[in-house]
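Visitor: I would like a close look at a single part of this model, namely its salt bridges. Please take me through them pair by pair, with attention to where the partners sit and how far they are covered.

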Amino acid sequence: MVLKRVVVTGLGALTPIGNNIQEYWNGLINGVSGAATITHYDASKHKTQFACEVKNFNVEDFIDRKEARKMDRYAQYAIVTAEEAVKDAGFDLEKLDKDRVGVIWGSGIGGLETFQNEMLDFAKGDGTPRFNPFFIPKMIADIAGGHISIKYGFRGPNFTTVSACASSTNAIIDAFNYIRLGQADAMITGGSEAAVTIAGMGGFNAMHALSTRNDDPKTASRPMDKDRDGFVLGEGAGTLILEEYEHAVARGAKIYCEIGGGGMSADAYHITAPHPEGLGAKNVMLNCLRDAGLTPTDVDGVNMHGTSTPLGDMAESKAILHVFGEHAYTMNLNSTKSMTGHLLGAAGVIETISSILSIKHGIVPPTINHFTDDESIDSKLNFTFNVAQKRDVKVLMSNTFGFGGHNACVLVKKLDI
């Protein structure tokens, strides 16, 4: 069968550096750090007391108070970005065949704050199991996609992907495949996360995964820097509207770019550490290129997973050299996590959005907070350190890797490529 073409017609974002697409893009190209002391709760007893929180967000500006109370923050974030993206796509909801529109969402953890608070409340009691009737539907990781479909009446494929930090990239790839196989006309896809909580911060601290640079949070996320000491936890959401090309053209939709392909792989190595030679990362990029029918020299850059962990950044850099060879030195590599922190299950979608906007505007956002070269990482690679760079961008790839060895990569390209 002939696979259908899939394009992006709508975007939505809620991030630590901007609460909509325009604010997010402005934050990216200006190298804004979203890291600051935690305000959601008193984190003074944590080893890490800062994170990349969503700022100046009032859920009641978007969702009725009564309805919002039935949702964990991760689901609230999802609804807000989906609304922005649906509006951006310009759908006529009265004419849209809602049986042919689905929602595939990603979240690595789901309603962690809800689970945490219910358990803390239970522990304070006398052992009688009294729980909020909305405890389960607030907590479960699939409910964000359910809320989106209910809001708009979208009755197509609907499920949630859970692959740790690769979750929303896996969601995008699944949505892409449903459309190109002819099983849907459009898909709302993306991911959300709200793990800046006592349990989230405490759990990642216990793993020694987080930066502990409490004296200087804004520069704590330092991908590829010699003195990087762990990732900075972030929160937020992003939404893409994917649409079959002919369907989009027929309704006169604005088209940002085309989804060229997607790749997946497993490290099959360790529950948290990457393969030291980047084997899974190499395979996922090769799989993505193969799926897109492109060669390494067609690619202008990679938005790296680039979490600012000592092992992860080095392994991914090795993988890029394996895949792209000498061409790697002509590419723009970057890690937007240096600004947003690591949004876990939502990381993939907001980084894909960054790649899409780079194609639209011809600018590659920087990897900020670079101070000292790491001798174990090839210094000839262009990591777009500290300052955004203008470039005619035609093809970009975005990597996301999750605990458990889950790897996912999506390729976006200009429509005429």
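Guide: In this predicted model, the side chains of R155 and D99 meet in a salt bridge, with a distance of 2.6 Å from N to O. The two partners come from distant parts of the chain, 56 residues apart, since R155 belongs to the loop between α6 (143-152) and β5, while D99 belongs to the loop between α3 (73-89) and β4 (101-106). As for their surroundings, R155 counts as exposed because its relative accessible area is 54%, which is over the 50% cut-off, whereas D99, with a relative accessible area of 46%, is partly exposed.

A second pair is formed by R228 and D313, whose side chains meet in a salt bridge of 3.5 Å, again taken from N to O. This pair, too, links distant parts of the chain, 85 residues apart: R228 is placed in the loop between α8 (198-206) and β7, and D313 in helix α11, which covers residues 310-324. Here R228 has a relative accessibility of 6% and therefore counts as buried, the limit being under 20%, and D313, at 0% relative accessibility, counts as buried as well.

A third pair joins D392 and K414, the closest N and O atoms of this salt bridge being 3.0 Å apart. D392 lies in the loop between β12 (389-390) and β13 (395-402) and K414 in the segment after β14, so the bridge ties together parts that are 22 residues apart in sequence. D392 counts as partly exposed at 46% relative accessibility, and K414 is likewise partly exposed, at 25%.

These pairs are examples from a longer list, for the structure holds 21 salt bridges. Some residues are joined in a network rather than described here as a pair: R73, E113 and E235 are linked in this way by salt bridges. As general background, side chains of opposite charge can pair when their charged atoms come close.

For a polar link outside the list of salt bridges, one may turn to S163, in the loop between β5 (158-161) and α7, where a polar contact of 2.6 Å joins its side chain to that of N170. S163 is buried, with a relative accessible area of 7%, and, apart from neighbours within four places in sequence, this serine is in contact with N170, G402 and H406.

Methods:
Residues are numbered from 1 along each chain as its sequence is written. This is a predicted model: local features need pLDDT of at least 70, side-chain atom pairs count only at pLDDT 80 or more; totals for chains, interfaces and linings use all residues. Side-chain values use heavy atoms; hydrogens and water are left out. Helices (H or I, at least four residues) and strands (E, at least two) are DSSP runs, numbered from the N terminus. Buried means under 20% relative accessible area, exposed over 50%, partly exposed in between (1.4 Å probe, protein chains only). A polar contact is a pair of N or O atoms within 3.5 Å; within protein, one must be able to donate a hydrogen and the other to accept it, and residues adjacent in sequence count only if both atoms are side-chain atoms. Contact means heavy atoms within 4.5 Å. A salt bridge is a side-chain nitrogen of Lys or Arg within 4 Å of a carboxyl oxygen of Asp or Glu.
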